[in-house]
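Got your viewer ready? Load the model, keep the selection box handy, and follow along stop by stop.

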Amino acid sequence: MLGPPAVARPRVPVLLPVALDQTYDYVVPAGLEIEPGDFVVVPFGPQTRIGLVWDQPVGDQGKPVDEKKLKAIIERMDVPGLPATSLRFAEWVARYTLAPLGMVVRMMMSAQAAFEPAKPRLGVARVEGAAEPPRMTPARKRALDIAADGLIRAKSALASEAACSTGVIDGLIEAGCLVEVVIPERRFPRPDPTHATVTFTEAQQEAVETLSAAVEAGTFSVSLLDGVTGSGKTEVYFEAVARTLEQGRQALIMLPEIALTSQFMDRFKARFGAAPAEWHSALSGPERGRVWRAAATGEARVIAGARSALFLPYTDLGLIVVDEEHDPGFKQEDRVHYQGRDMSVVRAHLGGAAVVLASATPSIESHVNARTGRYRHLILPGRYTGVDLPEITAIDLRTSPPEKGHWLSPVLVEAMAETMAKRQQTLLFLNRRGYAPLTLCRSCGHRIECPQCTAWLVEHRFRNRLNCHHCGFSMPLPSKCPKCGETDSLVACGPGVERIDEEVRERFPEARIALLSSDLIPSLTEMRDIIKRIEGNEIDIIIGTQIVAKGHHFPDLSIVGVIDGDLGLAQGADPRAAERTFQLLHQVTGRAGRALAKGAGYIQTHMPEHPVMDAIVRGDREAFIEREIRTRQLAMLPPFGRLASLIVSARLKDVAEGVARDIARRAPAAPRIEVLGPAEAPISVIRGRYRWRLLLKAPRELDIQAYLRAWLAEIPEIKGDLRLTVDIDPYSFM
Ligand code: ADP
Ligand code: ZN
């Protein structure tokens, strides 16, 4: 007798957030409803892990697994599932970047608290009609008076408001005057599209109408919103956000991390009556969880965030704004190497959303896309206030050099003195942290290098240490030369911002100075604080690295001095060096004179005749773009050609070199693909690892990922201490 036919148990493919490119099948236990996009707990090896249910098997499934050996899902997590768009997006990013799909999904899950049961927080509230406590002290009275409004407060908050210890609060609970209650979770308020509307200029209105139509169409489109700083780009894209809210869809505003200041949040709030949800690296764990869930339930209507905000689980994303779209900070350089701006276009394509790329100095890539008609080009001419762009002067350091041991040319010093006299602000910009980039022994010529990297140690005088900017190595400033032992022979060479600070204090002892450098500012909150003081004209001279270049609006800032205009041009191997220098110089000098009066920019340079300097001084952006596009076209550089870099690293130099050469030898022959290298990387050792680079160059229409996949399938396994990093469209060439 045959038994009843075996009924295959229902199974689903599950993707785990690990460095694997495939799903595993799991059995769905009876009674459990499972859908694609659900988060589930599954046994994985000896552990249990959270996985994501996929809608089809991914990767090489090998031989079919015996029914009986299949493991079962343990439970479905109580979190909103991901929509199909998120799954498609993850697949797209993985395919494009060659990162394992599991690692992309891991980015999408980067809010651990969202997957943990919410811990209810307890607070205290006044018990209505309770009698006075038996012993009434002044502290008790203060606390009860504050709690009289009936609001629920955290115990510590009430204690600090009443200037007493939490012991006093505990006493009041014991006496039955206060009671512990669960604090309801904070909700994300709804931004109101009609809260405070703006009357637009004619040019702005045209852009507003185009963007509104793009959003209302509910389909994919990309618009490049191109206008000088102060032309009203933010006001204009806020209208696109308003339309999105009216459509009932979500909006994402991506900003360079450092631009996520309270200035931006306050402006958003003024326009919409409520702040957006924020997403950036400074959020606490629970806050990340809260934002993640709110994106997934649709409670958060607008999210303002850094690049990783693109991977939040939006239910229905209708608009993505990428502000400062040219900013290199949108490129992620570790684990999954992706360009946030480019991936935002992919995300919008998959989800039928509109993209707005905003910048005063759009990337060459976006300019080319606008010229070929792939993107709409919306131009806002001039500043809203009508104030002209600053007059830019190149200070030729060959003819007006600073005094010995100083870094500010007399021309710049004089301009600063005049500005001080007018009670206006000066910004000095130098993109170099620390006091001096090099410490040299006068006696034997020894240069102090990092023991783990091919890089000089940078003196940080405030902390009295030498630091490596590549690996974080740090040592106290030595009193004698580590090589020859001579005392008092070490000299600091070249300037960092701390040294500029020193010179400014010497020259302007009465000035109120703020030094802004990422290593000196412990948190975003503190940064926001300093920015507020600058806005309030409590500071005369601001000295900073590139963190001052972005996103801030300082009404009393009238001149900007760039200490070393040539700094960015020295990056020889980087095809975007000229573009980036142009953008940075334009952006930082553009901070001058935004509100009332025309400002001035001074750029110290050894090569005023360089095309970048020339274009900046003449204010001729178009000439620069023309020239840059032609250069890229001739050299087949992005966006006319594709690049990918392979970096092989190992503890032993011979191993890194040998493997790099071996990989190069195995490159499949392809007539139109060039494989350059391997060559020792410009920074040949980082953290004690030797680094060798290969660079791939291919025409735009070629599928560089397919080529790489075929190639990498042929190389011996990368194991042990070896590491191979693949970076599609690299932005770093060090
Ligand atoms: P951008 O983003 O291009 O730098 P903003 O949107 O920040 O420009 O505009 C610069 C300043 O001008 C802001 O203070 C903004 O509020 C103001 N502004 C721009 N357009 C208008 C307008 N149509 N009505 C009122 N204020 C405007
Ligand atoms: Zn180092």
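Here is a walk through two ligand sites, one helix and a few single residues.

Some ground rules: residues count from 1 along each chain as its sequence is written, while chains are lettered from A and ligands numbered from 1 in the order in which they are written. This is a predicted model, where local features need pLDDT of at least 70, side-chain atom pairs count only at pLDDT 80 or more, and totals for chains, interfaces and linings use all residues, with side-chain values based on heavy atoms and with hydrogens and water left out.

**Stop 1: the zinc ion**

Select ligand 2, the zinc ion, and show the sulfurs of Cys 450, Cys 453, Cys 468 and Cys 471: these SG atoms are its protein donors, at 2.2 to 2.4 Å. (Donors are N, O and S atoms within 2.8 Å of the metal, or 3.2 Å for Na, K and Ca; water is not among the atoms, so sites may look incomplete.) Along the sequence, the donor residues follow the spacing C-x2-C-x14-C-x2-C.

What arrangement do the 4 donor atoms make around the zinc ion? Tetrahedral, because their angles run from 105 to 113°. The cut-off for that label with four donors is that all angles lie between 85 and 135 degrees. For reference, the ideal angle for four tetrahedral donors is 109.5 degrees.

Now colour by accessibility. Cys 468 is buried at 4% relative accessibility, and Cys 471 is buried too, at 12%. (Buried means under 20% relative accessible area, exposed over 50%, partly exposed in between, with a 1.4 Å probe and protein chains only.)

**Stop 2: ligand 1**

Next, select ligand 1 and expand to its surroundings. You should pick up 15 residues, with Thr 199, Gly 230, Thr 234, Glu 235 and Arg 267 the closest; the criterion is a heavy atom within 4 Å. Helix H7 (residues 233-246) gives the most to this shell, with 3 residues. (Helices, H or I of at least four residues, and strands, E of at least two, are DSSP runs numbered from the N terminus.)

Turn on distances. Oxygen atoms of ligand 1 give you 2.7 Å to a polar backbone atom of Gly 230, 3.3 Å to a backbone N or O atom of Ser 231, and 2.7 Å to a side-chain N or O atom of Glu 235. Of the 550 Å² of accessible area that ligand 1 has on its own, the protein covers 79%; areas come from the Shrake-Rupley method with a 1.4 Å probe.

**Stop 3: helix H2**

Select residues 101-108. Helix H2 is largely enclosed by the rest of the structure, because 7 of its 8 residues are buried. Among them are Leu 101, Val 104 and Met 108. Show the packing partners as well: strand E1 (11-15), strand E4 (47-53), helix H1 (84-97) and helix H9 (285-297). Contact here means heavy atoms within 4.5 Å.

**Stop 4: three single residues**

Ala 514 sits in strand E22 (residues 513-516) and is buried at 5%. Leaving aside neighbours within four places in sequence, Ala 514 contacts Ile 530, Ile 539, Ile 541, Ile 542 and Ile 543. Its C-alpha is 6.2 Å from that of Ile 543, 29 residues apart along the chain.

Jump to Thr 605 in strand E25 (residues 600-605). Is Thr 605 buried or exposed? Buried, at 0% relative accessibility. Its contacts include Ala 394, Asp 566 and Met 613.

Finish at Glu 701, in the loop between strand E28 (689-699) and helix H19 (704-712). This residue is exposed, at 58%.

Key:
Four donors count as tetrahedral if all angles lie between 85 and 135 degrees; four count as square planar and six as octahedral if opposite donors are over 155 degrees apart and all others between 65 and 115; anything else is irregular. A polar contact is a pair of N or O atoms within 3.5 Å; within protein, one must be able to donate a hydrogen and the other to accept it, and residues adjacent in sequence count only if both atoms are side-chain atoms.
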